[in-house]
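Here is a quick walk through one model, taken sheet by sheet and then core by core. Have the structure open beside you as you read.

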Amino acid sequence: MRNEIDRDLYEILGVGRSASAEEIKRAYRKKARECHPDVAGHDPGSEYKFKELTFAYEILSDPDKRRDYDAFGLRGIGRDAGIDFGGFTSFSDLIDMFFGDAFGGTVFRGGGRRTRARGRDIQTTLTISLSEAAWGADKQIETEKLAQCEECGGTGMMPGTRMSRCDTCAGSGQVRSTRQSLFGTFISSTPCPKCKGRGEVITEPCRQCNGGGRRWVTETLELKIPPGVDRGDSLRLRGKGEGGLNGGATGDLFVVLDVESHPVFERDGKDLLTAVEIDMVEAALGTELEIKSLDGDYKLKINPGTQPGQVLKVKGKGIPERGGGRRGDILVRVDVSVTSKLNSEQKRLLEQLRAARKGK
Ligand SMILES: [Zn+2]
Ligand SMILES: [Zn+2]
């Protein structure tokens, strides 16, 4: 469900991008009739479909919003409305938010029924070291979230108390009003503002959550990071997101990983890149170096005649693939420095070398 935020509104209505206002209206009416709650009853699938359609229609039937949507997608609409649509992880969250705001979240909650809603997914970032990314680690993370209230079990009522009939709507959950609607002007029933369409009200709200059924909590979680992870990977912890409403399922927590940069190594997938500096004599004669890796020291043989900028490989000592397994390599770029301060003895030897090479 993630990254589904940019669902195509034209596709939802089943019209082309060049559809006229009239075509959009017709398409909406036709589709909306099939899944309108008055026709389809309180079937969650139809309810959602109806919400989706209405959302798409609200935007595409408004010339300004349609222009913004065509140019910038849903984020263009959100910007004007002062909403960060990027903060939503799924289109259905967005729809919930839209209907929550536009109609008090109650448009389909009739008949004295309390609607279950799944808690939202939440996201957090965890920064780990390069070694932890390579070998895996056990970490603790702290999240702050809305969790189901333990006192009332998410009902919002003081334990042992009951709901009582709403006197504003006499328990029907609906109040009648005349309304300009997309289907024309007609007398319609709208959800009762007092009981939010439930037909019942809480007589004694839970003292812990003030009747909301959820409370802000800080939770500490143990997190096992598998070996071979990289920056941007995310781990999903099922049921560790926001608490649901009225007994709805708990959302998930996504932990997005960030990996600190390392003082010695740069990472390229499974490979580690680094550089060593040797002087011209070692480059000419060859030598052996100790290379520090993430899991110990390795010998690196420099062959005689190694050129500046040459890249040597320590095979299989890089980072394991995701979940562990085959390791990448360490790639070592050899920088060669030219000795600038020579004592007289060294100078004499180099002069000898020059003479010997000329003589050849
Ligand atoms: Zn409570
Ligand atoms: Zn009521």
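Strands S1 and S9 run parallel to each other and are joined by seven bridges. Along that pairing, threonine 124 sits opposite valine 255 of S9. Keep in mind that this is a predicted model.

The two strands belong to an open sheet of three strands, ordered S1-S9-S8, and the pairing in it is mixed. Which strands are the edge strands here? They are S1 (122-128) and S8 (234-237), each of which pairs on one side only. On average, neighbouring strands of this sheet are turned by 25 degrees against each other, direction ignored.

Now for another open sheet, this one made of four strands in the order S10-S11-S15-S14, again with mixed pairing. S10 (266-268) and S14 are at its edges with a single partner strand each, so one side of each has no neighbour in the sheet. From one strand to the next, the twist averages 35 degrees. S14 and S15 are antiparallel partners, paired over four bridges, and lysine 313 is found opposite leucine 331 of S15.

Between those two partners, S14 (311-314) and S15, runs a loop that holds arginine 326. Is arginine 326 buried or exposed? It counts as exposed, because it has 10 C-beta neighbours inside 10 Å and the cut-off for exposed is 12 or fewer. Leaving aside residues up to four places away in sequence, arginine 326 touches Pro320 and Glu321. Its C-alpha atom is 7.5 Å from that of glycine 316, a residue 10 places away along the chain.

Pro320 turns up again on the contact list of alanine 134. With the same sequence neighbours left out, alanine 134 touches Pro227, Gly228, Leu294, Ile319 and Pro320.

Alanine 134 also brings us to the largest nonpolar core, which has 15 residues. Alanine 134 is among those with the most contacts inside this core, together with Leu130, Ala133, Leu257, Val259 and Leu272. Helix H8 (130-135), strand S9 (253-259) and strand S15 (330-337) each supply at least two residues of the core. S9 gives the most, with four residues. Where does this core lie relative to domain 2 and domain 3? Domain 2 (109-161 + 204-259) and domain 3 (266-359) both give residues to it, so it lies between them. There is also a second, separate core of 13 residues, which includes Leu9, Ala27, Tyr57 and Tyr69. As background, nonpolar side chains tend to be buried together in soluble globular proteins.

Finally, a couple of backbone oddities. Alanine 170 has a positive phi although it is not a glycine, and the same goes for lysine 196. Here they are side by side.

| Residue | Phi | Loop between | C-beta atoms within 10 Å |
|---|---|---|---|
| Alanine 170 | about 55 degrees | S3 (163-165) and S4 (174-181) | 12 |
| Lysine 196 | about 55 degrees | S5 (184-191) and S6 (200-202) | 19 |

How exposed are they? Alanine 170 counts as exposed because of its 12 C-beta neighbours inside 10 Å, while lysine 196, with 19 other C-beta atoms within 10 Å, is partly exposed. For lysine 196, the cut-off that matters is 20 or more, where a residue becomes buried.

Technical notes
Residues are numbered from 1 along each chain as its sequence is written. Chains are lettered from A and ligands numbered from 1 in the order in which they are written. This is a predicted model: local features need pLDDT of at least 70, side-chain atom pairs count only at pLDDT 80 or more; totals for chains, interfaces and linings use all residues. A nonpolar core is a set of buried Ala, Val, Leu, Ile, Met, Phe, Trp, Tyr and Cys residues joined through C-beta atoms within 7 Å. Domain bounds come from an automatic or database domain assignment. Two residues are in contact if their C-beta atoms, placed from the backbone, lie within 7 Å. Two strands pair if DSSP finds at least two bridges between them. Axes are lines fitted to C-alpha atoms, for helices over the stretch in contact, and angles run from 0 to 180 degrees between N-to-C directions.
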